[in-house]
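The following exercises are to be worked through with the sequence and the structure in view. Each task is followed by a solution in steps.

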There are 2 protein chains.
Amino acid sequence: MKRNGKLFVALHALVHLDRHGGRAMTSEAVAACLSTHPVVVRRTLGELRQGGILQATRGHGGGWSLAKPADAISLRDVCAALGESLVDPLQVDPEHPSCAVVGSLTDSLGGVLVEIQALLDERLGRITLADLSADVTERAGVAGYRLPEVTNHGL
Amino acid sequence: MKRNGKLFVALHALVHLDRHGGRAMTSEAVAACLSTHPVVVRRTLGELRQGGILQATRGHGGGWSLAKPADAISLRDVCAALGESLVDPLQVDPEHPSCAVVGSLTDSLGGVLVEIQALLDERLGRITLADLSADVTERAGVAGYRLPEVTNHGL
DNA sequence: CAATAGGTAACTATCATAGTTACATGAAGC
DNA sequence: GCTTCATGTAACTATGATAGTTACCTATTG
């Protein structure tokens, strides 16, 4: 895996969970789908659970399942639950007193970045997990590809 | 220093160079301004030199100076010279063959990110080094603060 | 030729994060 | 109640990116 690790794990897992038809999937099954370790799955999906996006049940027959309908989960919700922004925040060391140059930079550049972040949030708020799943179905149909129950593809 | 390291060093140095009145500044002098090491300055400013933003002269009386007027250097130019994007690229491991889910993710999220990156580039293209310097002058005037020749402020 | 200053390779230190191991907690089935 | 399964979480390791540092090269000026 390269970058955007948590977000990628989360979205990938969410699509698989949605396409699993309401049945719970264990961390191990999800991890096999993403070619990663179950603990990594628990860590990442745990943040989505705290964000009200997923629910987890323990013991026999337990696992992860969606806490809301797929069309009520937006990419913005997922990013918010993970604390990811996709736009670099340009944070400055608050330890030292900053000079006028640093102040200008944070204001000018930082102002633009805040605006851009707002635009991105607006866009991401309009894309739902249901959209992603539908897109996967379309691709699978076009390619004549049958999505297996538990895939073991790279990444 | 926290994040956006290269970009912050570059912009901070550019403002100081612009405000130095056309005279060249040595790596050591710039490094003292940014509280960092001269080699870090050479590394970062070297990329700006290759991007045609700065010029460097060696030997006695040498140092760094702007290769273009300050109002002809935009923040977009600086980002481009540094190879920084400020928007996370969501790059996927090309090593493994990707499944339909990964394809959908890169298309949906990646498409939004490309749009956002274009918007950000447009904004950054309208902010020049001259704008930053003017803002610094304004702040210094308001605060009754005299910008020293060589500052040694944090970051 | 000596002094100065950028150019660059090579190494170290730090930090973030993925991966892994180990164990505690809780729920279902016998 | 006990066993089994699955999440929750702490702790450690491995890896990669990057800032800092040292050392030495080349180029230019006096």
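**Exercise 1. Contacts with the DNA**

Determine which atom of DNA strand C a polar side-chain atom of B:Arg58 approaches, and place this contact among others.

Solution. The model under study is predicted. In it, a polar side-chain atom of B:Arg58 lies 3.1 Å from a base nitrogen of DNA strand C. A second contact involves B:Gly59, whose backbone N or O atom is 3.2 Å from a sugar or linking oxygen of the strand. A third joins a polar backbone atom of B:Ser27 to a phosphate oxygen of DNA strand C at 2.9 Å. Two or more residues of the surface near the strand come from each of these elements: α1 (5–18) and α3 (38–50) of chain A, and α3 (38–50), β1 (54–57) and β2 (63–66) of chain B. The largest share, 4 residues, belongs to α3(B).

**Exercise 2. The surroundings of the strand**

State which residues come nearest to DNA strand C and how the surface near it divides by class.

Solution. There are 25 residues around DNA strand C, and the nearest are A:Thr36, A:His37, A:Arg43, B:Ser27 and B:Arg49. On the side of the DNA, sugar and phosphate make up 59% of the strand's atoms that come within 4 Å of the protein. Sorted by class, the surface near the strand holds 12 polar, 7 charged and 6 nonpolar residues.

**Exercise 3. A salt bridge between two helices**

Explain which parts of chain B the pair B:Asp121 and B:Arg76 ties together.

Solution. Side chains of opposite charge can pair when their charged atoms come close. The side chains of B:Asp121 and B:Arg76 form a salt bridge, with N to O at 3.8 Å. B:Asp121 belongs to helix α5 (residues 100–125) and B:Arg76 to helix α4 (residues 75–82), so the bridge links parts 45 residues apart in sequence. B:Arg76 is partly exposed, at 42% relative accessibility.

**Exercise 4. A salt bridge within one helix**

Establish how many residues separate B:Asp135 from B:Arg139 and which network they belong to.

Solution. The closest N and O atoms of the salt bridge between B:Asp135 and B:Arg139 are 3.2 Å apart. Both residues lie in helix α6 (residues 129–143) of chain B; they are 4 residues apart, and therefore separated by about one helical turn. B:Asp135 is partly exposed at 22% relative accessibility, and B:Arg139 is partly exposed at 29%. Through shared partners, salt bridges join these two residues and A:Asp107 into one network.

Notes
Residues numbered from 1 in each chain as written. Chains lettered and ligands numbered in written order. Predicted model: local features only at pLDDT ≥ 70, side-chain atom pairs only at ≥ 80, totals over all residues. Heavy atoms only, no water. Near = heavy atom within 4 Å. Polar contact = N/O pair within 3.5 Å; in protein donor to acceptor, adjacent residues only side chain to side chain. Nonpolar A, V, L, I, M, F, W, Y, C, P; charged D, E, K, R; others polar. Salt bridge = Lys/Arg side-chain N within 4 Å of Asp/Glu carboxyl O. Buried < 20%, exposed > 50% of the residue type's maximum accessible area, 1.4 Å probe, protein only.
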